[in-house]
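Biologist: Please take a close look at a single part of this model, and go through its surroundings in one connected account.

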Amino acid sequence: GRQEINYGGQRLIGALDWLQQARSFDAVRVDWMKDQTGARFFYSPLSEVRSGQSFDQSLLVGYGRVNHVLSGMLGLYAIYVTDNDTLKTDQGTFGLRQAGRTGRFDYRVESYYQTGKTLGQDNSAFMVGARAGATFGKFTAALWYDYLSGDGDPNDGKLEVFNTLFATNHKFYGYADLFLNIPLDTGGRGLQDLQLATGYAITDKARVELDFHVFRTAQQGSLSSNRFGEEIDLVGHYRFDEHLSVQGGGAYVFQGPALAEIGRLSRDMTWLYLMLDVTF
């Protein structure tokens, strides 16, 4: 039936709860887990007919999880997307994610590779990412770096840009949401994201977070610069009780030449929000 599915931090498969149109799948799912170790599989026919055209898109996912590995969890992915009609896609994504915590320190490392055919072109793309964090009393800090491969020559018949598939990218690439749809939002140039994330618990109910991103292309290609820009995010959270919480904040983006040249952002950007969460 129709369901939300989240795997491994939502890097490739997530519900996208942040947007007003969250993501769900019409899928058949089989799970086998014991002590958080096991496997999950699901199949979803993504689309059959759209605007009178046949697409015949489908998604098949295998996800394995092993607990108690290096003080954390190891996740293994095999994701297969096929479109036998208009989009001519036969793509596989394979990889792993290891995340854990020991004492006051936490970490994450992950790597994925895409192969097959996408839009009728041979596909060879990859993504790697790493994160290291620490907690000092009420203060937390983390440094992470993600590299998503890009395509320097879109006319060579080979597609080398990494596609984040069904990810919840809002969690990773800044609150301004400049990179929700990758590779479309990067102009196919890929993405490098270096982030410093900090947080401070003012009380048991209140917390403030300050993040800084440095965005660059993975492939500059014909662009005059590889600089997408930089972003500062400031967010505050307050929980009244288990059913009611409020958060608000803002983002400021220092626009870089590459964002302007791919038609995404022509000047610096400010974005503010206020959100009330009610659960029943």
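**Phe179 and its surroundings**

Modeller: Apart from neighbours within four places in sequence, Phe179 is in contact (heavy atoms within 4.5 Å) with Asn169, Tyr173, Asp185, Thr186, Leu191, Phe215, Phe228 and Leu259. The model is a predicted one, in which local features need pLDDT of at least 70 and side-chain atom pairs count only at pLDDT 80 or more, while totals for chains, interfaces and linings use all residues. Residues are numbered from 1 along each chain as its sequence is written, and side-chain values use heavy atoms, with hydrogens and water left out.

Phe179 belongs to the largest nonpolar core, which has 38 residues and in which Ile13, Phe42, Ile79, Tyr173 and Phe179 touch the most other members. Such a core is a set of buried Ala, Val, Leu, Ile, Met, Phe, Trp, Tyr and Cys residues joined through side-chain atoms within 4.5 Å, where buried means under 20% relative accessible area, exposed over 50% and partly exposed in between (1.4 Å probe, protein chains only). At least two residues of this core come from each of E5 (53–69), E6 (72–83), E9, E14 (227–241), E15 (244–255) and H1 (257–261); helices (H or I, at least four residues) and strands (E, at least two) are DSSP runs numbered from the N terminus.

Strands E14 and E15, together with E10 (139–148), E12 (191–201) and E13 (206–216), also each supply at least two residues of a nonpolar surface patch. This patch, of about 830 Å², is made by Leu143, Tyr145, Leu194, Leu196, Leu210, Phe212, Ile232, Leu234, Tyr252 and Phe254. Patch residues have over 30% relative accessible area and no salt bridge, and nonpolar side chains (Val, Leu, Ile, Met, Phe, Trp, Tyr) are joined within 5 Å, like charges within 9 Å; a salt bridge is a side-chain nitrogen of Lys or Arg within 4 Å of a carboxyl oxygen of Asp or Glu. The areas come from the Shrake-Rupley method with a 1.4 Å probe, and for residues only the protein chains shown count as cover.

Within strand E10, Tyr145 is partly exposed, with a relative accessible area of 33%, whereas Ala142, which lies in E10 too, is buried at 4% relative accessibility. Beyond four places in sequence, Ala142 contacts Arg131, Ala132, Gly133, Gln195, Leu196 and Ala197, and its C-alpha is 5.1 Å from that of Ala197, although 55 residues separate the two in sequence. In a regular strand, side chains alternate between the two faces of the sheet.
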